[in-house]
Amino acid sequence: MLAEDTVIAGKRAMSRSYAKINLTLDVLGKRANGYHDIKMIMQTVSLFDLVLTDKTDNGISVSTNLRYLPTNERNIAYKAALEFFRNTGIRGGAKIMIHKNIPVAAGLAGGSGNCAAVLVALNMLYNNPLSSDKLKEIGASLGADVPYCFDGGTQMAEGIGEILSPLPSMPDAYLLLVKPQINVSTAAVYEKIDSAEIAVRPDTDSMIMALRDKNIRQVADNLCNVMESVTEKMYPIIGGIKKKMIMNGAIGAVMSGSGPTVFGIFDDFETAKKSADSFSMQFKDVFLTRTMN
């Protein structure tokens, strides 16, 4: 998807870097190296960041519309450029400008998408020296969600996120995303989940069947994220948002990733719009989006 959403104009690449949600998310165990084995189904939504990547003679620079974001080696887009030049041996540079629309630290893979966008853009600007598989390998070394972000759509991710299997497209639906004004540490959630008692786990097979049948209500019935029980204990507002979404007419609602964003599935635009308006009176980050396949 990223290659199709990247336009080259001279020495500039313009990319749309889309957000994702988790229809399911299960944490299977912890490896000796500290990484966790996961099994999850992800879906691209229409909310996106705009990433402009310029080909320069040397050096790497990153700028964003958010003053509090790091623009040095701590920024994953900067790391992506660094790894591109290290892996290709190319002597060149990149000027990266990111207009953020996707909330930061929200469980929506905004940073991971930016990372993938920069890798694709630089590869195109420098005449495609790296294969698609190599780009994904580099992406996996930078973040678990990055490999998924190259193609997006509806996919199952296993291993630490690098084993991807395309799935039947999610039926068209309206998706309401609400992020409370808290930032969740993914590392902290993973740390707590190792000792957490997980009462309900995703039924991945049932979710895949619902996708195959194009049954949006069955998709909504099978939403499940094991991280939600951990994050919600830390931030009870997450449960409150879920309950309000259901009261507002969502046919299903669940937290995405490690949180704190909650999304609800609506099969009717007017109902989704009324719910979005209601949440907008309480929260700043409220987005009414669609599925992207």
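In this predicted model, helices α1 and α3 cross in a right-handed sense. Their axes lie 10 Å apart and make an angle of about 135 degrees. Because angles under 35 degrees count as roughly parallel, those over 145 as roughly antiparallel and those from 65 to 115 as roughly perpendicular, α1 is oblique to α3. On the α1 side the contact is made by Ile76, Lys79, Ala80, Glu83 and Asn87. Lys134, Ile138 and Leu142 are the α3 residues that meet them. Sorted by class, the residues of this α1 and α3 contact comprise four nonpolar, one polar and three charged.

Helix α1, residues 76-88, also packs on helix α2, residues 110-125. Here the angle is about 30 degrees and the axes are 8 Å apart. That angle is why α1 is described as roughly parallel to α2. The crossing of α1 past α2 is right-handed. From α1, the residues in contact are Ile76, Ala77, Ala80, Ala81, Phe84 and Phe85. From α2, Gly111, Cys115, Val118, Leu119, Leu122 and Asn123 take part. The α1 and α2 contact contains 10 nonpolar residues, two polar residues and no charged residues. Ile76 and Ala80 of α1 appear in the contact with α2, and Ile76 and Ala80 are also listed in the contact with α3.

The loop that runs between α2 and α3 contains Asn127. Asn127 is not a glycine, yet its phi is positive, at about 65 degrees.

A further helix pair is α5 and α8, the latter spanning residues 227-234. Their axes come within 9 Å and cross at roughly 110 degrees. An angle of 65 to 115 degrees counts as roughly perpendicular, and therefore α5 is roughly perpendicular to α8. The passage of α5 over α8 is a right-handed crossing. Val189, Tyr190, Lys192 and Ile193 are the contact residues of α5, and Met227, Val230, Thr231 and Met234 are those of α8. This α5 and α8 contact has six nonpolar residues, one polar residue and one charged residue.

Several of these helices also help to line the largest pocket, whose volume is about 1,200 Å³. The lining consists of 45 residues, and those nearest the centre of the pocket are Ile76, Ser112, Gly143, Asp145 and Thr186. Two or more lining residues come from each of the strands β2 (12-30) and β3 (36-56) and the helices α1, α2, α3 (132-142) and α5 (186-193). The greatest contribution is that of α2, with four residues. By class the lining of the largest pocket divides into 23 nonpolar, 17 polar and five charged residues. Ile76 is thus listed both among the residues nearest the centre of this pocket and in the contact of α1 with α2.

The second largest pocket has a volume of about 250 Å³. It is lined by 13 residues, with Tyr68, Pro103, Val104, Lys284 and Asp285 the closest to its centre. The lining of this second largest pocket has six nonpolar, three polar and four charged residues.

One further feature concerns the backbone. The peptide bond joining Gly259 and Pro260 is cis, with omega about 5 degrees. Pro260 belongs to the loop connecting β10 (252-255) with β11 (262-266).

Methods: Residues are numbered from 1 along each chain as its sequence is written. This is a predicted model: local features need pLDDT of at least 70, side-chain atom pairs count only at pLDDT 80 or more; totals for chains, interfaces and linings use all residues. Side-chain values use heavy atoms; hydrogens and water are left out. Axes are lines fitted to C-alpha atoms, for helices over the stretch in contact, and angles run from 0 to 180 degrees between N-to-C directions. A crossing is left-handed if the near helix is turned anticlockwise from the far one by less than a right angle, and right-handed if clockwise. Contact means heavy atoms within 4.5 Å. Ala, Val, Leu, Ile, Met, Phe, Trp, Tyr, Cys and Pro count as nonpolar, Asp, Glu, Lys and Arg as charged, and the others, Gly among them, as polar. On a 1 Å grid over the protein atoms alone, a cavity is a set of points where a 1.4 Å probe fits but cannot get out, and a pocket is an open set with protein on both sides within 12 Å along at least five of seven lines; lining residues have an atom within 4 Å of a point. Grid points are joined across faces, edges and corners, and a volume is the space filled by probe spheres set on the points.
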